[in-house]
Amino acid sequence: MIIIGKILEYSVYDIYKSEQTDISCTNQDTNGLKIITLITCDSINDNYRIIVKAKEK
């Protein structure tokens with residue numbers, strides 16, 4: 001669904017490193033909160049990932 005003209009604000013509440021094989025950050029149990037998760041590669045060899053979690057204000 002595309003909503004034109006609506007702006008949502010999120011605030012970051014957690015930033016951490018994770019092993020590349022750890023997929024626990026993709027858990028979708030949010031207790032009804034609107035949460036977004038950004039998963040990045042941090043090193044050249046992809047030894048770990050940076051996880052950033054934010055919730056809607």
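How do the residues of the lining of the largest pocket divide into nonpolar, polar and charged, and what is the count of each? In this predicted model, the lining holds 4 nonpolar, 6 polar and 2 charged residues.

The pocket itself encloses about 180 Å³ of space. Its lining includes a run from Ser-24 through Cys-25, Thr-26, Asn-27, Gln-28 and Asp-29 to Thr-30. Tyr-13 and Lys-53 also line the pocket, as do Ile-35, Ile-36 and Thr-37. Strand S2, residues 35-41, gives the most to this lining, with 3 residues.

Strand S1 offers two positions to look at in turn. This strand covers residues 10-19 and contains Ser-18; Val-12 lies in S1 as well.

Ser-18 has a relative accessible area of 7%, and because buried means under 20%, Ser-18 counts as buried. The side chain of Ser-18 makes a polar contact of 3.5 Å with the side chain of Asp-22. Beyond its neighbours within four places in sequence, Ser-18 is in contact with Tyr-48, Arg-49 and Ile-51.

Val-12 has a relative accessibility of 52%, and because exposed means over 50%, Val-12 counts as exposed. Setting aside residues up to four places away in sequence, Val-12 touches Val-52, Lys-53 and Ala-54. One of these partners, Lys-53, is also among the residues that line the largest pocket. Another partner, Val-52, is 40 residues from Val-12 in sequence, yet the two C-alpha atoms are 7.0 Å apart in space.

Technical notes:
Residues numbered from 1 in each chain as written. Predicted model: local features only at pLDDT ≥ 70, side-chain atom pairs only at ≥ 80, totals over all residues. Heavy atoms only, no water. Helix = DSSP H or I, 4+ residues; strand = E, 2+ residues; numbered from the N terminus. Buried < 20%, exposed > 50% of the residue type's maximum accessible area, 1.4 Å probe, protein only. Polar contact = N/O pair within 3.5 Å; in protein donor to acceptor, adjacent residues only side chain to side chain. Contact = heavy atoms within 4.5 Å. 1 Å grid on protein atoms, 1.4 Å probe; cavity = no way out; pocket = protein on both sides within 12 Å on 5 of 7 lines; lining within 4 Å. Points joined across faces, edges and corners; volume = space filled by probe spheres on them. Nonpolar A, V, L, I, M, F, W, Y, C, P; charged D, E, K, R; others polar.
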